[in-house]
Amino acid sequence: MTVRPNDRASRLPDGFADLEPLVPDWAVATKAGRLKKRIDSTAEERQRFYDTTLPRMRDIIALVDQGSLEGMSVEVARLMQLALMMVEISMTIELQNPVSEIKHAEAARLVHVYSELDSL
Amino acid sequence: MTVVTEISAADVEKLGTGPIPNKIYWDPNWFSAERDRVFRRVWLCVARTVDVASPGNYIVKDIETCRASVIIARGRDGQLRAFHNVCSHRNMRVCLDKKGSTARFTCRYHGFSYDLDGQLRSVPDEEYFFGLDKGANGLTPVALETCGTFIFINLDPKPKQQLKEFLGELYDRLESFPIGDWASSFSFGGEAPLNWKCVMDNFQESYHFAFTHARTVVDRATGSANVFGHSLSFEFFGPHRVLTNWGNLDHKCAPVEQLAAEYGGGFGQSAILVGLKDSDSAAKRSPNLSSYAYSLFPNVQIVVAPSYMHLIQFIPLDAETTHWVVTMYFPKAKSAGERLSQEYTMAIAKDVITEDMSVFPHIQDGMMCGAKEFVNFHRNESLCRHLAMMIQAYTEETTRGQTEVGR
């Protein structure tokens, strides 16, 4: 087994090393955090994340579903967080455009998340 | 092409067609009457039983309209009870958390402690009081009733109607909602500088979809077969009302949207709910049925489809300001794909409502500047017209019993 250069905190399950550079910025555990990341990021950053992650989405879901949603390892949880972030970011690319996303961000800063979904 | 909304001839006649005075959306005197004759008197849907599932669980719901804060707690005996969140000592709010699990509520100010059944259990340095009667100084009860998994409270110390009477024919429908175990919830909200009825109206008409939501729901909720996204049906039950939304089966999903639809059994599937007690009609059997939207008088909307439900509260702070709270409920996700699909439902709902928020600040001034005296409702805004009628009926009601209103 090769030793990976990545920090343990960025480690993903085997087979997903290509996504590890995304972990520090984009693997966020809460919906409120994912929304904040969305409105604090640039259009270029979001497009890069989207383009890198999209081809791996089905692989991510298949990998996570090898175990249970409850009690997943931190590595699997990070991978799932990337997939959930992808949903939030897809809004800015598949629904909004660069102009409407600026308006969305203005209004979204006034939205408060009161409680999170209990399951990851 | 267009869809012609199903609505009974009797309802069309009752609703009328004329303009509606805009005063009901800004006059502070009108608002005071709404607060006193509606919000302080009728049953208010505030939560679901799954929010307080186990003994010791509690939630705190604020009805800012009446400056009320209500604790809803499940006792050790399994019973749900509601209390004003006010200490008998110096009237401080007893519970400052919004939800949790506890054996007692202890006031942070001087340590008065109350049991889950509202009884005052302990008073620090009690002997120094002047014969304080603990038995008479429990938390003040608030009337609570449930229908299916929905919790209603009534701030009237002696409600004039039972919940079943207030809901009328809707009682059986709400009770039959096949969502009993949908306990996963996500909640978000904000403050809108707009009258509560206008905020609610935004959620009870699809006329604005093609414009306000030109980037999000437009192709899901309108299409060549229904250019302006007419609702499939409107029904009215006393002061309450229900619409069914039309979904565009020809909608082409974008890549992540497609994944969410595939894994969640979500988009493009008819929303016909198995087990729901409902009227049988062409609209309710339509493959284009995408969701049901129940507007419960005065200030709650429940939107339900096979894979999600939202409960939206429109809580007036004053005549011109509304605190809106959306709570989305889901069945517990059994797979990563299902969880991803739920994330998509949450994300798109938030985007759509954020778009609504961009129009909200530009309405109240328009109504209050004196340029116009009336608003003009479209046929697809029949539910907005009904809310205006019902609020007028309740607000002007002074001598007759409330049970006659809206029947």
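This is a walk through the pockets, a cavity, the salt bridges and two selected elements of a predicted model.

Start with the open spaces. The largest pocket has a volume of about 670 Å³. Its lining counts 29 residues, and those closest to the centre are Ser115(A), Lys61(B), Lys98(B), Lys99(B) and Ser187(B). Both chains contribute strands to this lining. Chain A offers β1 (112-115), which supplies at least two residues. From chain B, β2 (44-48), β3 (57-63), β6 (99-101), β12 (184-192), β17 (308-318) and β18 (321-330) each do likewise. The largest share comes from β3(B), with 6 residues. By class, the lining of the largest pocket divides into 12 nonpolar, 9 polar and 8 charged residues.

The second largest pocket has a volume of about 400 Å³. Here 17 residues form the lining. Nearest the centre of this pocket lie Asp201(B), Glu205(B), Ile363(B), Phe377(B) and Glu381(B). Helix α5 (residues 196-203) of chain B gives the largest share of the lining, 3 residues. The classes in this second lining are 10 nonpolar, 4 polar and 3 charged.

Now turn to the closed spaces. The whole structure holds 3 cavities of 30 Å³ or more. The second largest cavity has a volume of about 50 Å³. Its lining is made by Phe39(B), Leu44(B), Cys45(B), Val46(B), Ile63(B), Thr65(B), Asn299(B), Val300(B), Gln313(B) and Ile315(B). Two strands of chain B, β2 and β17, each supply at least two of the lining residues. Strand β2(B) gives the most, with 3 residues. Of the residues around this cavity, 7 are nonpolar, 3 are polar and none is charged. The strands β2(B) and β17(B) also help to line the largest pocket.

Salt bridges come next. Over all chains, the structure has 33 of them. One joins the side chains of Asp18(A) and Arg56(A), with N and O 2.7 Å apart. What does this pair tie together? Asp18(A) sits in the segment before α1 (23-26) of chain A, while Arg56(A) sits in the loop between α3 (43-53) and α4 (57-64) of chain A, so the bridge links parts that are 38 residues apart in sequence. The two partners can also be compared by their exposure. Asp18(A) is partly exposed, at a relative accessible area of 42%. Arg56(A) is buried, at 15%, because that value falls under 20%.

Chain B has its own examples. The side chains of Asp115(B) and Arg121(B) meet in a salt bridge of 2.9 Å, N to O. Asp115(B) is buried, with a relative accessible area of 7%. Arg121(B) is partly exposed, with 35%. In another bridge, Asp280(B) pairs with Arg285(B), and the closest N and O atoms are 2.6 Å apart. Asp280(B) is exposed, with a relative accessible area of 63%. Arg285(B) is partly exposed, with 48%.

Some salt bridges share partners, and through them one network forms. From chain A, the network takes in Lys31(A), Arg34(A), Arg38(A), Glu88(A) and Glu101(A). From chain B, Arg339(B), Glu343(B), Lys350(B) and Asp351(B) belong to the network.

Next, a helix. In chain A, α5 covers residues 74-95. How does the expected span of its 22 residues match the distance between its end C-alpha atoms? At 1.5 Å a residue, the helix should span 32 Å, and its end C-alpha atoms are 31 Å apart, which agrees. The helix does bend, by about 35° at Ile89(A). Is α5(A) largely enclosed or largely open? Of its 22 residues, 19 are buried, so the rest of the structure largely encloses the helix.

Finish in chain B, at Leu296(B). This residue is found in strand β15 (residues 289-296) of chain B. Leu296(B) is buried, with a relative accessible area of 1%. Leu387(B) is 91 residues away from Leu296(B) along the chain, yet the C-alpha atoms of the two are separated by 9.9 Å.

Conventions
Residues are numbered from 1 along each chain as its sequence is written. Chains are lettered from A and ligands numbered from 1 in the order in which they are written. This is a predicted model: local features need pLDDT of at least 70, side-chain atom pairs count only at pLDDT 80 or more; totals for chains, interfaces and linings use all residues. Side-chain values use heavy atoms; hydrogens and water are left out. On a 1 Å grid over the protein atoms alone, a cavity is a set of points where a 1.4 Å probe fits but cannot get out, and a pocket is an open set with protein on both sides within 12 Å along at least five of seven lines; lining residues have an atom within 4 Å of a point. Grid points are joined across faces, edges and corners, and a volume is the space filled by probe spheres set on the points. Helices (H or I, at least four residues) and strands (E, at least two) are DSSP runs, numbered from the N terminus. Ala, Val, Leu, Ile, Met, Phe, Trp, Tyr, Cys and Pro count as nonpolar, Asp, Glu, Lys and Arg as charged, and the others, Gly among them, as polar. A salt bridge is a side-chain nitrogen of Lys or Arg within 4 Å of a carboxyl oxygen of Asp or Glu. Buried means under 20% relative accessible area, exposed over 50%, partly exposed in between (1.4 Å probe, protein chains only). The expected span of a helix is 1.5 Å times one less than its number of residues. The bend at a residue is the angle between axes fitted to the seven residues ending there and the seven starting there.
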